Amino acid sequence: MNASKAQGSQTSVFHAVDITKIYQMGEVEVHALRGVSLELYEGEFVVLLGASGSGKSTLLNILGGLDSPTSGTVHYLDHELTASDGSQLTQYRRDNVGFVFQFYNLIPSLTARENVELITEIAASPMEAMEALDLVGLKPRADHFPAQLSGGEQQRVAIARAIAKNPRVLLCDEPTGALDVQTGVVVLQAIGQINRQLGTTTAVITHNAEIAKMADRVILLSDGHIAGIETNSTKIAAQDLRW
Ligand SMILES: Nc1ncnc2c1ncn2[C@@H]1O[C@H](COP(=O)(O)OP(=O)(O)OP(=O)(O)O)[C@@H](O)[C@H]1O
Ligand SMILES: [Mg+2]
């Protein structure tokens, strides 16, 4: 719990204060987040760990501007997301956030390169699609269609697509959830390398406590609360994790 000491001099990218999220399901209220406060710092690699239903995706979606909390405030740098309207949130996401989900959502009729170019065409200061594919080790597969790629390769195209617009933050919701262990390692290596090489502030949701060893800090969620934040004194590279 010495996070503030270790990270004290760094820029705070996200600052969330006492956020709650209540989903109204007819008569029933689902309390997905019950008062979460946290800070994420520039360039850090954070893992969000917790049981199914603990609120991980809800929290990540709020940070990414895909959803809004019921109460509380969220700042991205000096921009208050919780005071933003729909179009401002869309602009925020477009300019600042790369998302990676469990399922890759690639367009089947486009090649790897074209899937990435879809994003670089609309971004403000993108990198070249080939540069993004190179960062995830997929330059040689640039002209392959998704059906001609393995699951791990497809996920790496999705990561290339997410980072090609040079986002300040990369938010990944169970990026290895659909992959076998060996393939998952390659995908985690790609995410770790982007974090190190580009300095992209990175948050990864996982169920797997082993993956948490890659992180600078691990945020444990339980039943809509932060149950603990741990700082790893040494980070373990994806290829050295024990599964
Ligand atoms: N759109 C929604 N409508 C209603 N309830 C929701 C909605 N999204 C999430 N919930 C509920 O909020 C709680 C937290 O969900 P969330 O998806 O954030 O959990 P999670 O930690 O990501 O779980 P998992 O590991 O299974 O993905 C759960 O009880 C879930 O059923
Ligand atoms: Mg989830």
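**Note on pockets, cavity and ligand shell**

1. By class, the residues that line the largest pocket comprise 13 nonpolar, four polar and four charged. The structure under discussion is a predicted model, and the remarks that follow should be read with that in mind. The space in this largest pocket comes to about 390 Å³, and of the 21 residues in its lining, those closest to the centre are V97, F99, I119, R161 and K165.

2. As to which elements build that lining, α3 (86-96), β6 (97-100), α4 (112-120) and α6 (151-163) each contribute at least two residues to the largest pocket. The largest share is that of β6, which supplies four residues of the lining.

3. The second largest pocket holds about 260 Å³ of space, and 19 residues line it, with Q189, G192, Q193, R196 and A238 lying nearest its centre. Helix α7, which runs over residues 181-198, gives the most to this lining, with eight residues. Sorted by class, the lining of the second largest pocket has ten nonpolar, six polar and three charged residues.

4. Turning to enclosed space, the structure holds one cavity of 30 Å³ or more, and the volume found in the largest cavity is about 30 Å³. The residues that line the largest cavity are L38, L40, V46, L48, L59, L63, A203 and I219, and the elements that give two or more residues to this lining are β2 (28-41), β3 (45-50) and α2 (56-63). Its lining is made up of eight nonpolar residues, with no polar and no charged ones.

5. Ligand 1 is surrounded by 14 residues, and the closest of these are S52, G53, K56, T58 and H207. In terms of class, the shell around ligand 1 divides into five nonpolar, seven polar and two charged residues.

6. Several polar contacts of ligand 1 can be listed individually. An oxygen atom of ligand 1 lies 2.8 Å from a polar backbone atom of G53, and an oxygen atom of ligand 1 lies 3.0 Å from a polar backbone atom of G55. With H207 the partner is in the side chain, where an N or O atom is 2.8 Å from an oxygen atom of ligand 1. Taken alone, ligand 1 exposes 630 Å², of which the protein buries 64%.

7. The elements that give two or more residues to the shell around ligand 1 are β1 (12-25), β2 and α2, and the largest share, three residues, comes from α2. It may help to read this beside point 4, since β2 and α2 are also among the elements that give two or more residues to the lining of the largest cavity.

8. A last point concerns D240, which is found in the segment after β10 (225-231). Is D240 buried or exposed? With a relative accessible area of 53%, D240 counts as exposed, because the cut-off for that class is over 50%. D240 and K213 are 27 residues apart in sequence, and their C-alpha atoms are 9.8 Å apart in space.

Terms used:
Residues are numbered from 1 along each chain as its sequence is written. Chains are lettered from A and ligands numbered from 1 in the order in which they are written. This is a predicted model: local features need pLDDT of at least 70, side-chain atom pairs count only at pLDDT 80 or more; totals for chains, interfaces and linings use all residues. Side-chain values use heavy atoms; hydrogens and water are left out. On a 1 Å grid over the protein atoms alone, a cavity is a set of points where a 1.4 Å probe fits but cannot get out, and a pocket is an open set with protein on both sides within 12 Å along at least five of seven lines; lining residues have an atom within 4 Å of a point. Grid points are joined across faces, edges and corners, and a volume is the space filled by probe spheres set on the points. Ala, Val, Leu, Ile, Met, Phe, Trp, Tyr, Cys and Pro count as nonpolar, Asp, Glu, Lys and Arg as charged, and the others, Gly among them, as polar. A residue is near a molecule or strand if one of its heavy atoms lies within 4 Å of it. A polar contact is a pair of N or O atoms within 3.5 Å; within protein, one must be able to donate a hydrogen and the other to accept it, and residues adjacent in sequence count only if both atoms are side-chain atoms. Accessible areas come from the Shrake-Rupley method with a 1.4 Å probe; for residues, only the protein chains shown count as cover. Buried means under 20% relative accessible area, exposed over 50%, partly exposed in between (1.4 Å probe, protein chains only).
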